[in-house]
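Grab a coffee and work through these exercises with the model open beside you. Try each task before you read its solution.

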Amino acid sequence: MAVIPPLRGSPPPIFWTPSPSYKPELEAPKLNPTLWPRHFTPDNYAKLVGQTLPFLSFLLNSLVTALGTALITVAFTIFSGYSLSRGAYRFRGLLGYLILIVRMLPLVVLIAPLYLLLLKVRLLNTYVGLIIGYTSFALPFGAWMMKNFIDSVPKEIEEAALVDGCSRTQILLRVVLPLVLPGIFTTAAFVFIDSWNNLLYPLTFMNTLSRQTLPAGLLLSFTGQFKTDWGGMMAASTVTTIPLLVAFFAIQRSMVTGLTAGAIAGE
């Protein structure tokens, strides 16, 4: 079996994703690829908005489900994280570790129970069903993230608010949340990216091509039994990456601030 030698002076891998997207069908899968296409063509991008491939539907499905999961997860984990951080009830520490254990379970463990649940309530092949699947795995992660961020808020600020007559709910919404906004953006960003890249749940819970998200839709559209359209797949992957890059750079400062705040929690 022949071994292909590595390319000398090869650019970073990120440049090899858009490169094949501008190559014709016969040039894209060559064993000795070139970074710059010998025969430049935008046909692979034109196919994405054509009549045969529901790429825009894939994109819309990913945006709706990923954004919905991020918003719902943040809304729930704000309260659960505050409870784990400031609660004075018994077994609070044990409950936190149990939540962490759930997060450590493989993704595939929840597929069968979720599939039967969604089948029973007739939510298969729906946005709501897929968001429920995403959220079930994102909630433990989000709860621990928010707990660490809230831990970094000095308790003296809340005690002063209690003296002024604020309730616990008012303290959370008016005092704590403005101080942990970077943590909220960080948690939402991680949940969004994780949901956007999820492949297993859409393949399981969506049974029509038009309802698939981008990872599953691209896999089903460009990969066949005897042939893989590498040019089209790379064009779709390039377009798919753009929303993630935009989201990352838009909240980069908040993510760094939030991760730093969570890292020094408890000091």
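A cavity is a set of grid points where a 1.4 Å probe fits but cannot get out, and its volume is the space filled by probe spheres set on the points. Keep in mind that you're looking at a predicted model.

**Exercise 1. Get your bearings**

Task: work out how many helices and strands the protein has, and what share of its residues count as buried.

Solution. Start with the elements: there are 13 helices and zero strands. Next, go through the residues. Of the 267 in the protein, 37% count as buried. Now turn to the contacts between residues at least 6 apart in sequence: 72% of them join residues at least 24 apart. Finish on the outside, where the accessible surface comes to about 15,600 Å², with 69% of that belonging to carbon and sulfur atoms.

**Exercise 2. The closed space**

Task: find the largest cavity and say which residues line it.

Solution. First, search the whole structure; one cavity of 30 Å³ or more turns up. The volume of this largest cavity is about 40 Å³. Then list the lining: Leu107, Tyr134, Phe137, Asp194, Ser195, Asn198 and Tyr201. Helix 6 (127–151) and helix 9 (181–196) are the elements that give two or more residues to that lining. Last, sort by class, and you get four nonpolar, two polar and one charged.

**Exercise 3. The open spaces**

Task: describe the lining of the largest pocket by class, then do likewise for the second largest pocket.

Solution. Take the largest pocket, which holds about 200 Å³ of space. Its lining has 13 residues, and the closest to the centre are Ala188, Ala189, Phe192, Ala247 and Ile251. Helix 9 gives the most, with five residues, while helix 3, helix 9 and helix 12 (230–250) each supply at least two. By class, the count is 13 nonpolar, no polar and no charged residues.

Now the second largest pocket, at about 150 Å³. Its lining residues include Trp196, Asn197, Leu214, Met233 and Thr240. Helix 12 gives the most here, with five residues; helix 11 (214–222) and helix 12 each supply at least two. This lining divides into seven nonpolar, four polar and no charged residues.

**Exercise 4. Salt bridges**

Task: of the three salt bridges in the structure, find those that share partners and say which residues they join.

Solution. Begin with Glu158 and Arg86, whose side chains meet at 2.6 Å, N to O. Glu158 sits in helix 7 (residues 155–163) and Arg86 in helix 3 (residues 55–86), so this pair ties together parts that are 72 residues apart in sequence. Both Glu158 and Arg86 are buried.

Next comes Arg168, which bridges to Glu158 with the closest N and O atoms 3.3 Å apart. Arg168 belongs to helix 8 (residues 168–179) and Glu158 to helix 7, ten residues apart. Buried means under 20% relative accessible area, so Glu158, at 3%, counts as buried, whereas Arg168 is partly exposed at 44%. Put these bridges together: Arg86, Glu158 and Arg168 form one network.

That leaves Lys147 and Asp151, with 2.9 Å between their closest N and O atoms. They're four residues apart in helix 6, so about one helical turn separates them. Lys147 counts as buried at 17% relative accessibility, and Asp151 is partly exposed at 23%.

Technical notes
Residues are numbered from 1 along each chain as its sequence is written. This is a predicted model: local features need pLDDT of at least 70, side-chain atom pairs count only at pLDDT 80 or more; totals for chains, interfaces and linings use all residues. Side-chain values use heavy atoms; hydrogens and water are left out. On a 1 Å grid over the protein atoms alone, a cavity is a set of points where a 1.4 Å probe fits but cannot get out, and a pocket is an open set with protein on both sides within 12 Å along at least five of seven lines; lining residues have an atom within 4 Å of a point. Ala, Val, Leu, Ile, Met, Phe, Trp, Tyr, Cys and Pro count as nonpolar, Asp, Glu, Lys and Arg as charged, and the others, Gly among them, as polar. A salt bridge is a side-chain nitrogen of Lys or Arg within 4 Å of a carboxyl oxygen of Asp or Glu. Buried means under 20% relative accessible area, exposed over 50%, partly exposed in between (1.4 Å probe, protein chains only). Contact means heavy atoms within 4.5 Å. Accessible areas come from the Shrake-Rupley method with a 1.4 Å probe; for residues, only the protein chains shown count as cover.
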